[in-house]
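Okay, thanks everyone for coming. Let me pull the structure up on the screen, and then I'll walk you through a few parts of it.

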Amino acid sequence: MKDTIVQGLQQAYLNLFHMIAEFLPRLVVMLVIILSGLLVAYALKYVVRAVLRLTKLDRLSEEAGASRVLRMAALPSMTEVLSRSVFWITLLGFILVGISILNIAGLQEQISRLLRLLPEIVVAMLILFLGLVIANFLSRAALLAAVNAGYASPKMLSWSIRFGIWILAIAMALDELGVARQTVIAAFSIVFGAFMLGLAIAFGLGGQGLARAFLERSLGEKKEDKTDELQPL
Amino acid sequence: MAEDILLGDDFLRQLMSVGEVDLLVAIPTYNNASTVVQAVQAIEDSYQQNFVRDRVVILNVDGGSIDHTTEAILNMNGRKAGVHRGITSLRTVHRVTTQYARSPSQGMALRTVLAAADLLRARSCAIVSPSTTNLDPSWVANLLRPAYRQDFAFVAPLYSRTRFQGLLARNLLYPMSRAVFGLRIREMYSEEWGFSGRLASECLSQNSWGAEAVRTRPEAWMAVSAICSGMKCCQSFLGPKAPPPRTGPDLVEAIRQTVGNLFWCFETFQDHWMDRTGTEAVPTFGSDHELTPEDAPSRQEKMLELFRSGVKDLDTVLSSILSADTYKQISEIAALEPDKFHFGSEPWVRTLYEFAASYHRTVIARDHILQALVPLYRGQLYSFLLEHANSTPEEIEADSEALCLEFERQKPYLIERWKAKAEVKR
């Protein structure tokens, strides 16, 4: 009895020892990988930051209105956001590879799935961000043009454009992630179609006069615009 | 050298057959067949009346006309001897034509002219517009003489105008450029101007030709280049400015081109004006300015309406360009009753300086900044028309001078806002 207990304890001790002996090198390898990843991520961050500064991305981002969107979201400049993203994506990649070295049952499968999904998540985020920037730029351009041309409800026109681009960007991002692909496409078609039909009906029934005036202005003989009858130069 | 790229074989052949010249008058065209003959005739008359012994050339640079503008010039008959009471040129008046591009571009046209002037070693040059219906031979002489006889580098035109003509220049372009660059040149944005061969070579060697501001309005860039290079500038009175054709730029386009060019010049030449204080008058040949009476335009309410809707609908855009105080003040102005409406010079100048600084900092897309200025200009224009409906030309001139002084007084504010970017960066 006593011998059996001692043998059991010895076996448990040996098993633990073997486990630690097997696990420790893997842990060290994982730490080495993560540490290397940290160094690589830092290096990449500085390289990307330097390249983006050379290409004057921040200025382009200001002009396109992207920086304004970032400021509204309390985020730093576009260069900083991109270089930090590169840092974290690189580090995350190394961490996942490091963890997979530990060979923990069940975790391997989850990490593989996450790694497979990572590029799609990044692309979806990029699509959303670009959609936000384009919507911002185009809606402002439309607002300014409508205000200067003296059109009625310029803000509604501007918001319609912004809303339309947002819907398109969200649908594209969800499609990229493969989330309920068929449903998203059907929903997008319905929402976008309904939106356009609504506009057409509103313009056709509610704005006959406006439509007539618009068509006369566009297709008919050009009447002199008295608004700017004073030649500026 | 730029000539290699700009000047085609046929054009070079024409220039080489002309040889060196003293005077060059260029006429950039684009579908001007109906008026160009009259303009070329005026240039030839000017040569024959005023520059009898000098070597001269008329250069037509065409932007791809499809109405046979170039042929109209080449098929013109020369002036018959004896028309000017026996006075005629002792030299051949050469006519050279070239097509610089398939679509018109002011910058490209000027660059071709400068390359030709450089190659022909012209001492004095002038650009005239083919659409100026009242171009007189004396205009050409007045543009050429200062650079030819007196070593001036840039010759700005001066016109006789009606009270309500050219108000963008009067209320914005002239006072602002005067305050910033320190020289009192009234007409930097014009279709006619003169320049020396030296300035032509200087501008040709610069690498600003790709800039949108230079492509659309190169004349002001040329003037500012002369000012900032320390070259001598002057003004020369031409005569009454005929109403521009209806094909001219509308208000939005005019502001995008001219104000965009002015703000771009502020940025490009910022090292030259930051420390400059006060303004200097430039030598003027002929009358300094002439204003003729004219009834105020009848329909102004639309202007006020567009100003008000602009201030209301562009709230997010204007808040990102203007300071909170200035935007608040403009909103208060927009709320005034039409008969009590007044957009004073103090808020107007501050608004423009904040726009210039925001353009420099690119707070939003630069083209959007320029477009956002349009409704505010309409408000200021409405105020001007309201106040000066019954003013005499002298009263209007006095008011313009007061506006210029306000621009000069607030220049330190422009510098403060302008430098804000550098401080943030540090």
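So, let's start in the middle of a sheet: B:L24 has B:V57, in β2(B), as its bridge partner. Keep in mind that we're looking at a predicted model. The two strands here, β1(B) and β2(B), run parallel and share seven bridges. Helix α3 of chain B, residues 33-50, goes with them to make a right-handed β-α-β unit.

β1(B) also pairs with β4(B), residues 124-127, again parallel, through four bridges. There, B:V25 has B:A126 as its bridge partner.

Now, is that strand buried or exposed? Seven of the seven residues of β1(B) are buried, so the rest of the structure largely encloses it. B:L23, B:V25, B:I27 and B:T29 point one way, while B:L24, B:A26 and B:P28 point the other.

B:L24 comes up again in the largest nonpolar core, which has 138 residues; B:L24, B:F154 and B:A223 have the most contacts inside it. Take B:F154: beyond its sequence neighbours within four places, its contacts include B:F195, B:L199 and B:M222. Another core, of 12 residues, lies apart, with A:A124 and A:L132 among them.

Last bit: domains. Chain B is assigned domain 1, 2-290, and domain 2, 301-425. Their centres, over C-alpha atoms, are 31 Å apart. Domain 1 puts 22 residues into the contact and domain 2 puts in 24. On the domain 1 side, α11(B) gives the largest share, nine residues. By class, that side has 13 nonpolar, four polar and five charged residues.

Terms used
Residues numbered from 1 in each chain as written. Chains lettered and ligands numbered in written order. Predicted model: local features only at pLDDT ≥ 70, side-chain atom pairs only at ≥ 80, totals over all residues. Domains from an automatic or database assignment. Contact = placed C-beta atoms within 7 Å. Nonpolar A, V, L, I, M, F, W, Y, C, P; charged D, E, K, R; others polar. Core = buried A, V, L, I, M, F, W, Y, C linked by C-beta atoms within 7 Å. Buried ≥ 20, exposed ≤ 12 C-beta atoms within 10 Å, placed from the backbone. Pairing = 2+ DSSP bridges. Right-handed = clockwise from strand over helix to strand, strands pointing away.
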